[in-house]
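This report accompanies the sequence and model shown below. Please read the two together.

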Amino acid sequence: MADIRTFDSIVPAEFVENAVKEIKDQVGDGKVLLALSGGVDSSVCAALISKAIGKQLTCVFVDHGLLRKYEAEEVCGVFGENGPYDLNFVFVDARQRFYKKLEGVTDPEKKRKIIGEEFIRVFEEEAKKIGHIDYLAQGTIYPDILESKTADGKVIKSHHNVGGLPDFIDFKGLVEPVKFLYKEEVRSVGRELGLDEKYVSRQPFPGPGIGVRVVGEITEARCEILRDADWIWREEMAKAGYDKLCSQYFAVLTNMKTVGIAANDRGGERTFDYTVALRAIKTENFVTAKAVELPFSFLNMVASRITKEVEHVNRVMYDVTDKPPATIEME
Ligand code: XMP
């Protein structure tokens, strides 16, 4: 099938009905494997494909140790055996494996490469355990296709998702039920399928996860610091309603350590600890972005919470830089 969209917009209920039929026709009684990241696209795919073929679908969810706080628990809660979906769910705790591979690595592109390659390896091992697989499902969306092609249809950029397409599985083809949809349409299909709003309206999260938000070496301890600071930032942003102003907002653990004074019950003690950077941006297309203007009193309150509640952080900064010249992520 040509990768060209031939319609203007979708009616979610109709889309779901047609997609379910198409998936059934394509797959028959075959087995489908999906790498579930917990992001909007793969979550909607999981819900849609499970509606069509139930337990013929197996979702593999890998915790690479670079997820946000409570993310693994949330994904397991929604798609695991106690969740509402009829599918096979495999959870892989690969955290230590990734931390080991990333030991001593500080170059951002090397980190991305290691995370991507290790992800494929873990996924491959799980696929082998499952046995024969007929189809591989992917949460490809229309912008991925548009970004991947030149005018003559040649692929110039494999899309961003961690791991890309594993070439080891001998499968009949791909199941890509949302490949002609734009992000907002994928969200509306998710709502139609009853996915929790928390999932459907999720902000984009990079495939290498907080691996690109822990500047410098990735260790479990540094990831925990970042996770705790990021949790507070996202909690306060949502509480204040400022999340609605942003396309993406997150915390970054910098590799800068400075002198400070303990803000908790060790009051007065000299510290030499990390600086956390907070980022909040608004963008239409993620190619350019504006830093979001937030009240000083709010930022000051968050800084105070983070330095009090997160050990080894004694300074918090807010990134006021647009893209360009900065990028959205710091690595
Ligand atoms: P930058 O930092 O390039 O980010 O301005 C643009 C958008 O892409 C996301 N991003 C990534 N997504 N793998 C991904 O899947 C990556 O390596 C990666 N790096 C950046 C970023 O979160 C933003 O939405």
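The following paragraphs treat confidence, one buried region, one helix pair, several single residues and backbone geometry.

The structure is a predicted model, in which local features need pLDDT of at least 70 and side-chain atom pairs count only at pLDDT 80 or more, while totals for chains, interfaces and linings use all residues. Residues are numbered from 1 along each chain as its sequence is written, and side-chain values use heavy atoms, with hydrogens and water left out.

**Confidence.** The average pLDDT of the protein chain is 92, and 92% of the residues score at least 70; pLDDT is the predictor's confidence in each residue, from 0 to 100. Over residues 154-163 the pLDDT is below 50, and this stretch has 20 contacts in the model beyond near neighbours in sequence. Contact here means heavy atoms within 4.5 Å. Where pLDDT is low, the predicted coordinates should not be read in detail.

**Arg227 and Arg68.** Helices (H or I, at least four residues) and strands (E, at least two) are DSSP runs, numbered from the N terminus. Arg227 belongs to helix 9 (residues 220-240) and counts as buried at 9% relative accessibility. Buried means under 20% relative accessible area, exposed over 50%, and partly exposed in between (1.4 Å probe, protein chains only). A polar atom of the Arg227 side chain lies 2.7 Å from the backbone oxygen of Leu67. Not counting residues up to four places away in sequence, Arg227 touches Gly65, Leu66, Leu67, Arg68, Lys69, Tyr99 and Ile210. Arg68 itself is located in the loop between strand 2 (57-63) and helix 3 (71-79), and its relative accessible area of 10% makes it buried. Leaving aside neighbours within four places in sequence, the contacts of Arg68 include Arg202, Gln203, Phe205, Asp230 and Arg234.

**Helix 1 and helix 7.** Two packed helices are described by the angle between their axes and the distance between the axes. For helix 1 (residues 12-27) and helix 7 (residues 183-192), the angle is about 80° and the axes are 9 Å apart. Axes are lines fitted to C-alpha atoms, for helices over the stretch in contact, and angles run from 0 to 180 degrees between N-to-C directions. Helix 1 and helix 7 are therefore roughly perpendicular to each other, a class that covers 65 to 115 degrees. Helix 1 contributes Pro12, Ala13, Phe15 and Val16 to the contact, and helix 7 contributes Ser188, Val189 and Glu192.

**Partly exposed residues.** The table lists residues of this class with their places.

| Residue | Place | Relative accessible area |
|---|---|---|
| Pro108 | helix 5 (residues 108-130) | 25% |
| Leu174 | strand 5 (residues 173-175) | 28% |
| Tyr70 | loop between strand 2 and helix 3 | 41% |
| His312 | loop between helix 10 (296-309) and strand 9 | 41% |

Leu174 and Val32 are 142 residues apart in sequence, with a C-alpha to C-alpha separation of 8.9 Å in space. Pro108 and Lys69 are 39 residues apart in sequence and 22 Å apart in space, C-alpha to C-alpha.

**Backbone geometry.** Most residues other than glycine have a negative phi, and most peptide bonds are trans. Tyr70 has a positive phi, near 65°, and His312, which is not a glycine, has a positive phi of about 75°. Lys323 and Pro324 are joined by a cis peptide bond with omega of about -20°. The bond from Pro324 to Pro325 is cis, with omega near 10°. Pro324 is placed in the segment after strand 9 (313-318), and Pro325 is found in the segment after strand 9.

Note on methods:
Polar contact = N/O pair within 3.5 Å; in protein donor to acceptor, adjacent residues only side chain to side chain. Parallel < 35°, antiparallel > 145°, perpendicular 65-115°, else oblique.
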